[in-house]
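Work through the following exercises with the model open beside you, and try each task before reading its solution.

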Amino acid sequence: MCGIVGYLGHRDPSKVIIKGLKRLEYRGYDSAGIALHSDSGLVTQKCAGKVKELEKLLSESSEAGSNLGIGHTRWATHGVPNTINAHPHSDTSGKITLVHNGIIENYGTLKKHLKENGIECQSDTDTEVLVQFIAYLYEKEKLSFSDTVRLALKEVVGAYGIAVLCKDEPDTMIAARFGSPLVLGIGENEWFIGSDTSPIIEYTRNIVFLDEGEMATITRSGFEVININENHIVAKDIEEIKYSLDEIEKSGFDFFMLKEIFEQPKSIQESMRGRIDLENHHVKLGGIQDWLQRIIDAKNIYITACGTSWHAALIGSFLLEEIIQKPVKVEYASELRYRPSAINSDTVLFSISQSGETADTLAAIKKTKELGAFTVGIVNAVGSSIARETDCGVYIHAGPEIGVASTKAFTSQVSVLSMMAILLAQRLGKDTEYIHTLIEEMVKLPTMVQSILDDAEHIEKIAGHFVDSEHFLYLGRGYQFPVALEGALKLKEISYIHAEGYPAAEMKHGPIALIDENMPVVFIVTEKGYEKIVSNIQEVKARGGRVIIVTSENAEELSQYSDHIITIPSTENALMPIITTIPLQLLAYYIAVLKGCDVDQPRNLAKSVTVE
């Protein structure tokens, strides 16, 4: 989940790397560091804290002749966030310097071997063990820099994305990946490395994705990619970054999260662009079009994901079960990958991930493929590992999402799942009036979402009443239960207020014991199950709870039961989660901001969970 940047070329590498690390800081911000190949050799600067602290350190020093460097922003796994554990790490001799994203699982064995050979590690990290091991082999085997790195990686068990420098080769940078993403950017006589494309796009749109088990050696004359295990050269296609630089800037918003909340009319529209033929009431998803029958013929349908994407998966299961009337099982990827299951060649697995790099989801895909399942990816990041690993799939086209707490990706995921359910229903011959109505209502969603955003000031005022709250409950029925889970997660992630989501009827099976005059309860009220949830509201009100109602129905009647009410447009029940989610995102955002929290970089979190 750490961020890696590397540069070789004619620019000042420290400026390129610092700017790149700032764009990657969503991946981790416990500590940061940089190593430069200068006239005085390999020079490293690092510190605990965010990239801005590293930038201050660099402003106080300069390195003449530097044109090559690597940088890192860390999300701590092994070892507390401090300067010693910050990357880059160097070996004892100072010949090899390395940055790393991932976990070296056999670091204990390697560390013992190093100690037996008189090499002691100074930090608590698995990364230092790796760099010390590379340097040990470099001295012992007398191989070239690139051959030594390849030899060392053949002994590594675990996940890694690494960038490595060697004091003896001032014009060479090595990058390798296994389980953690790395991208190579190709400019005019300059080369870039990034954990994703965001540090690269300002300089070039030409990129190469490193695949699993590949290592790139980059010099001033170009680059060469080899397969680590088989040691043969791999021909790589140069691809083009499609999004614009503006999409990864704040564009006048205080936080990326707020920008991304307000981008949802556009991102939902983009998820549907070219895929809905309103005149003929038809949906087309090119990424799965050739495999529709394989999906329909499956006896078992699983959906797997983590975090916010898991909430989208729950909604997806409701959609598929209602619209194509097939049972669907939803699994956390972190559980599916380890426990026995009934998955076989009659199974279709839908996997959902914003980044396309989520470690548990990727591992679950690989496991189910080994069991014979057909896999379908639903991802945002083009060219990501999950996009390449699955048999087919659909991009959600939400655009870059920088804020750690997912917003626009979630609603785009639900939009794509809705279209998939409709498409499968049409393929099954269920091209009914209801399906036509769903299609007609889908194209109205961006306008409906915009109407809620236009009322954001009202939600901000409501948020002001709950800044000092310590707990929240979110309650919904049917399709709104996953929305309640997502609303609670957003509040937890960015405001650090404890919050739980439940099916509204489950309140009486335990959570009602928590209700008192200090407990805010958010009810999501739609047409479906209206009378039942009104009874739940009255039960909370009778016990002194503070009631916030998000509703598309009977606002005047509900106002007598609520302390605060947020009205929203109404659409078909199956599509309402896209609408009801928006005010909950805004409520969480405004509470967090009023509490003084950094909503883009909440504590202990990172955007892409690329390690277990």
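**Exercise 1. Find which residue of β8 stands opposite Ala-163, and describe how β7 is paired and covered.**

Step 1. Ala-163 of β7 stands opposite Ala-175 in β8, where strands are DSSP runs of E with at least two residues, helices are runs of H or I with at least four residues, and both are numbered from the N terminus. The model is a predicted one, in which local features need pLDDT of at least 70 and side-chain atom pairs count only at pLDDT 80 or more, while totals for chains, interfaces and linings use all residues. Residues are numbered from 1 along each chain as its sequence is written, and side-chain values use heavy atoms, with hydrogens and water left out.

Step 2. β7 and β8 pair in the antiparallel sense over four bridges, two strands being paired if DSSP finds at least two bridges between them. Five residues lie between β7 and β8 in the hairpin that they form.

Step 3. Strand β6 (residues 96-104) is also antiparallel to β7, joined to it by nine bridges, and Asn-101 stands opposite Gly-161 in β7.

Step 4. Nine of the nine residues of β7 are buried, so the strand is largely enclosed by the rest of the structure; buried means under 20% relative accessible area, exposed over 50%, and partly exposed in between, with a 1.4 Å probe and protein chains only. On one side of β7 the buried residues are Gly-158, Tyr-160, Ile-162, Val-164 and Cys-166, and on the other they are Ala-159, Gly-161, Ala-163 and Leu-165.

**Exercise 2. Classify the ring pair of Tyr-160 and Phe-178 as stacked, tilted or edge-to-face.**

Step 1. A pair of aromatic rings is described by the distance of the centres and the angle of the planes. Rings of Phe, Tyr and Trp (its six-membered ring) pair if their centres lie within 6.5 Å, and planes under 30 degrees apart count as stacked, over 60 as edge-to-face and the rest as tilted. By this rule the count comes to eleven aromatic pairs.

Step 2. The ring centres of Tyr-160 and Phe-178 are 6.2 Å apart and the planes stand at 35 degrees, so this pair is tilted. It links distant parts of the chain, with Tyr-160 in strand β7 (residues 158-166) and Phe-178 in strand β8 (residues 172-178), 18 residues apart.

Step 3. Tyr-160 counts as buried at 4% relative accessibility, whereas Phe-178, with a relative accessible area of 37%, is partly exposed.

**Exercise 3. Determine how α9 is oriented against α17, and which residues meet where they pack.**

Step 1. Two packed helices are described by the angle between their axes and the distance between the axes. Helix α9 (residues 307-323) packs with helix α17 (residues 480-495) at an angle of about 170 degrees, and their axes are 9 Å apart. The axes are lines fitted to C-alpha atoms, for helices over the stretch in contact, and angles run from 0 to 180 degrees between N-to-C directions.

Step 2. That angle makes α9 roughly antiparallel to α17, since angles under 35 degrees count as roughly parallel, over 145 as roughly antiparallel, 65 to 115 as roughly perpendicular and the rest as oblique.

Step 3. Among the residues that meet are Trp-310, His-311 and Leu-314 in α9 and Pro-482, Leu-485 and Leu-489 in α17, contact meaning heavy atoms within 4.5 Å.

Step 4. His-311 lies in helix α9 and counts as buried at 8% relative accessibility. Leaving aside neighbours within four places in sequence, the contacts of His-311 are Phe-410, Pro-482, Leu-485, Glu-486 and Leu-489.

**Exercise 4. Decide whether Asn-189 and His-281 are buried or exposed, and say what is notable in their backbone.**

Step 1. Asn-189, in the loop between β9 (183-186) and β10, has a positive phi of about 55 degrees although it is not a glycine. With a relative accessible area of 58%, Asn-189 is exposed.

Step 2. His-281, in the loop between β15 (276-277) and β16 (282-283), is not a glycine either, yet its phi is positive at about 50 degrees. With a relative accessible area of 17%, His-281 is buried.
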